[in-house]
Amino acid sequence: MTYLTDANHLTERVIVELRDNTPVVADARVHLDGCDICQTALAASEDRAADIVSTLTDLDEHFDVESAREAVRARLAQREPAAKPVSDRGLRTSFWTLGRAATFLLVTTGALSALPGSPLREFLIGREAQAPEPSALPPGESAAPVGMRMVVEGGAVDVELQQVPSGTSIEVRWLSGQAVTVLAATGSSFTSAQGLVRATITGGPVTIELPKSASEVSLAVNGRMYLRRTAGEETLSGPVDAQDVDRVLFIVP
Amino acid sequence: MDFDTTFNEEYRPLVGYCHRLCGDRDTAEDVAQEAMVRLFERDVDGSPAGIRAWLFKTATHLIRDRYRVEGNRKRLLSENPVMPTESESPDNVLEQAEKRARARRALDAMPTRDREMLLMRYSGFSYREIAETVDVAATSVGTLLARAERRFIDVLAAAGEPA
């Protein structure tokens, strides 16, 4: 991207970057030193920034920090029991898409199969469900009793979902540990190979747990890349509907 | 990570940012407290700057989730309109309230991403940290920020407030 306009002056972007002490190409600084017009533009940008600071400061109000401190302490104390693992496998995060049942058993179907050499370790997962967040699910979707869980060996895993119906919600959660888990509606089928989980989905909601520790992770849905994480760098290219720090919700178009 | 030290350093700027971002005092306090709770609950580790960036990013996403349905946002604004103080207040208080209302309207008129970028920038975050929070390339931040500032000032000027 060029740093000069057609009129041979610094672009607005470069002016803003210079003002904010963000690295710019060396030639831009050379140009600035010899151009009165750009120096004037930079000064105007600095004035504008000062005015914005002043305007935003007008919005500020007093907040009671001590009350907030106590409120945070109370919330932390309230949540302490909930932070404990909910299963003996140490998976501690709740499944907010999985309905209201206090306990349910994941049942794998006959369609579940593993490719030769599969690192598949566990097919059945018993899990307590914590209180769901009711706004998360699009209406009409039901709890998902079918899934598979695989320990990621080698730190890389690709998840491929096929034939996912339009409107299906796919929730991705990042968890500690080394396992990848995929859950979907009854009738869905799963296969796995080294570093690969492939599922044919009959309906949602779909829930995918991915290990934070994995070096490389990708999620492809109906042949389209939705998510990729490499060396801690996450790229979201799917239809994101909601996002939190350790959670992404996609809705398949 | 010491609770009191972190709280003393981070809560006030965090709740101020949330308030600027969402325009609702109660929501701002709730979100800022929730972000602090998650910080300690998850035992997030890092430098003070990294922890601050984590808190602001978390709060930004929490507010974004709450206002994901635009109708909710409009409903909230209609229930809690930003209005100047009543006429019995001194002139300078009234003037301040009017300026605040204009600034609020200008922020509310901006696209979500522009608003987040502008407020993060003026909370002291780097272009890289802004990029990570709003999910854009770091190289795009300068362009997008310049546009966001222009929009903010245009709307403010249209409302009679020379920024």
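I take a residue as buried under 20% relative accessible area, as exposed over 50%, and as partly exposed in between, with a 1.4 Å probe and protein chains only.

**Entry 1: The model**

I note that this is a predicted model, in which local features need pLDDT of at least 70, side-chain atom pairs count only at pLDDT 80 or more, and totals for chains, interfaces and linings use all residues. I number residues from 1 along each chain as its sequence is written, letter chains from A and number ligands from 1 in the order in which they are written, and use heavy atoms for side-chain values, leaving out hydrogens and water.

**Entry 2: The pair A:Arg19 and A:Asp20**

I looked up salt bridges, each being a side-chain nitrogen of Lys or Arg within 4 Å of a carboxyl oxygen of Asp or Glu. In general, side chains of opposite charge can pair when their charged atoms come close. Over all chains, I find 28 salt bridges in the structure. One of them joins A:Arg19 and A:Asp20, at 3.0 Å from N to O. A:Asp20 counts as buried because its relative accessibility is 11%. A:Arg19, at 10%, counts as buried too.

I also find these two residues in a network of salt bridges, which links A:Glu12, A:Arg19, A:Asp20, A:Arg48, B:Arg121, B:Glu149 and B:Arg150.

**Entry 3: Chain B as a whole**

I took helices (H or I, at least four residues) and strands (E, at least two) as DSSP runs, numbered from the N terminus. Chain B has eight helices and zero strands, and I read its pattern along the sequence as α-α-α-α-α-α-α-α. Of its 163 residues, 50% are buried. I counted a contact where heavy atoms lie within 4.5 Å. Among the contacts in chain B with a separation of 6 or more, 62% are between residues 24 or more positions apart.

**Entry 4: Two salt bridges in chain B**

I looked at B:Glu34 and B:Arg38, whose closest N and O atoms are 2.9 Å apart in a salt bridge. Both residues lie in helix H2 (residues 25-41) of chain B, four residues apart, about one turn of the helix. Both are buried.

I then looked at B:Asp114 and B:Arg151, which meet in a salt bridge at 2.5 Å, N to O. This pair links distant parts of the chain, 37 residues apart: B:Asp114 is in helix H6 (residues 112-121) and B:Arg151 is in helix H8 of chain B. B:Asp114 is buried, at 1% relative accessible area, whereas B:Arg151 is partly exposed, at 34%.

**Entry 5: Packing between the chains**

I looked up helix H3 (residues 36-59) of chain A and helix H8 (residues 141-158) of chain B, which pack at an angle of about 60° with axes 11 Å apart. I note that the contact is made by A:Arg48, A:Ile52, A:Thr55 and A:Leu56 of H3(A) and by B:Glu149, B:Phe152, B:Ile153 and B:Leu156 of H8(B). The axes are lines fitted to C-alpha atoms, for helices over the stretch in contact, and angles run from 0 to 180 degrees between N-to-C directions.

**Entry 6: Cysteines**

I searched for disulfides, pairs of cysteine sulfur atoms within 2.5 Å, and the whole structure holds zero over all chains. A:Cys38 is in none, and its nearest cysteine sulfur, that of A:Cys35, is 3.6 Å away. A:Cys38 is buried, at 1% relative accessibility. For B:Cys22, the closest cysteine sulfur is in B:Cys18, and the distance of 6.7 Å is too far for a bond. B:Cys22 is buried, with a relative accessible area of 1%.
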